[in-house]
Amino acid sequence: MKRKLTITVDADLLPAAKRYARSRGVSLSSLIEQSLREMAGEDSPSFSERWRGKFQPAERDDDPRYAALAKKYLR
């Protein structure tokens, strides 16, 4: 459900913000809503999703605990 919100911005910023939104083919309200969603973290990946696949397993063939954890989390 959408709700109306009143915000106050600098008078010099408003025309530039409207041009920016128009250049992207969205309304200023949509642009602000999208920015708030990004800041609130709704559309951003979780910590584990951001880091998945970024680490390589170390060469530790002699440690069975490490091998089990590497198999579970690194592959």
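A salt bridge here is a side-chain nitrogen of Lys or Arg within 4 Å of a carboxyl oxygen of Asp or Glu. By that yardstick, a search through the whole structure, which is a predicted model, turns up three salt bridges. Before looking at them one by one, a word on confidence helps. The protein chain has an average pLDDT of 85, and 93% of the residues score at least 70. Confidence peaks in helix H1 (residues 13–23), with a mean of 94, and drops to its lowest in helix H3 (residues 47–51), where the mean is 78.

Now to the salt bridges themselves. Lys2 pairs with Glu33, and their closest N and O atoms sit 2.7 Å apart. This pair ties together distant parts of the chain, since Lys2 belongs to the segment before H1 while Glu33 is in helix H2, 31 residues away. The two partners also differ in how much surface they show: Lys2 is exposed because its relative accessible area is 66%, over the 50% cut-off, whereas Glu33, at 25%, falls between the 20% and 50% limits and so counts as partly exposed.

Glu33 has a second partner as well. It forms a salt bridge with Arg37, with the closest N and O atoms 2.8 Å apart. This time both residues lie in helix H2, four residues apart, or about one turn of the helix. Arg37 has a relative accessible area of 34%, so it is partly exposed. Put together, Lys2, Glu33 and Arg37 are linked in a network of salt bridges.

The remaining salt bridge joins Arg65 and Asp63, whose closest N and O atoms are 3.9 Å apart. Here the two ends fall into opposite classes. Arg65 is exposed, with a relative accessible area of 66%, but Asp63 is at 14%, under the 20% limit, and therefore counts as buried.

What about empty space? The largest pocket holds about 480 Å³. It is lined by 16 residues, and the ones closest to its centre are Leu5, Ile7, Leu28, Ser29 and Ile32. H1 and helix H2 (28–40) are the elements that give two or more residues to this lining, and H2 provides the largest share, seven residues. Sorted by class, the lining of the largest pocket has 10 nonpolar residues, five charged ones and one polar one.

Leu28, one of the residues closest to the centre of that pocket, also has a contact worth following. Leu14, which is found in helix H1, touches Leu28 as well as Val9, leaving aside residues up to four places away in sequence. Leu14 and Leu28 are 14 residues apart in sequence, and their C-alpha atoms are 9.4 Å apart in space. As for its surface, Leu14 has a relative accessible area of 32%, so it is partly exposed.

The second largest pocket contains about 230 Å³ of space. Ten residues line it, with Trp51, Arg52, Gly53, Tyr73 and Leu74 lying nearest its centre. Helix H3 and helix H4 (64–73) each supply at least two residues of this lining. By class, the lining of the second largest pocket comes out as four nonpolar, four charged and two polar residues. One caution goes with this part of the model: H3, which contributes to the lining, is also where confidence is lowest.

Definitions and conventions. Residues numbered from 1 in each chain as written. Predicted model: local features only at pLDDT ≥ 70, side-chain atom pairs only at ≥ 80, totals over all residues. Heavy atoms only, no water. pLDDT = per-residue confidence, 0-100. 1 Å grid on protein atoms, 1.4 Å probe; cavity = no way out; pocket = protein on both sides within 12 Å on 5 of 7 lines; lining within 4 Å. Points joined across faces, edges and corners; volume = space filled by probe spheres on them. Nonpolar A, V, L, I, M, F, W, Y, C, P; charged D, E, K, R; others polar. Buried < 20%, exposed > 50% of the residue type's maximum accessible area, 1.4 Å probe, protein only. Contact = heavy atoms within 4.5 Å.
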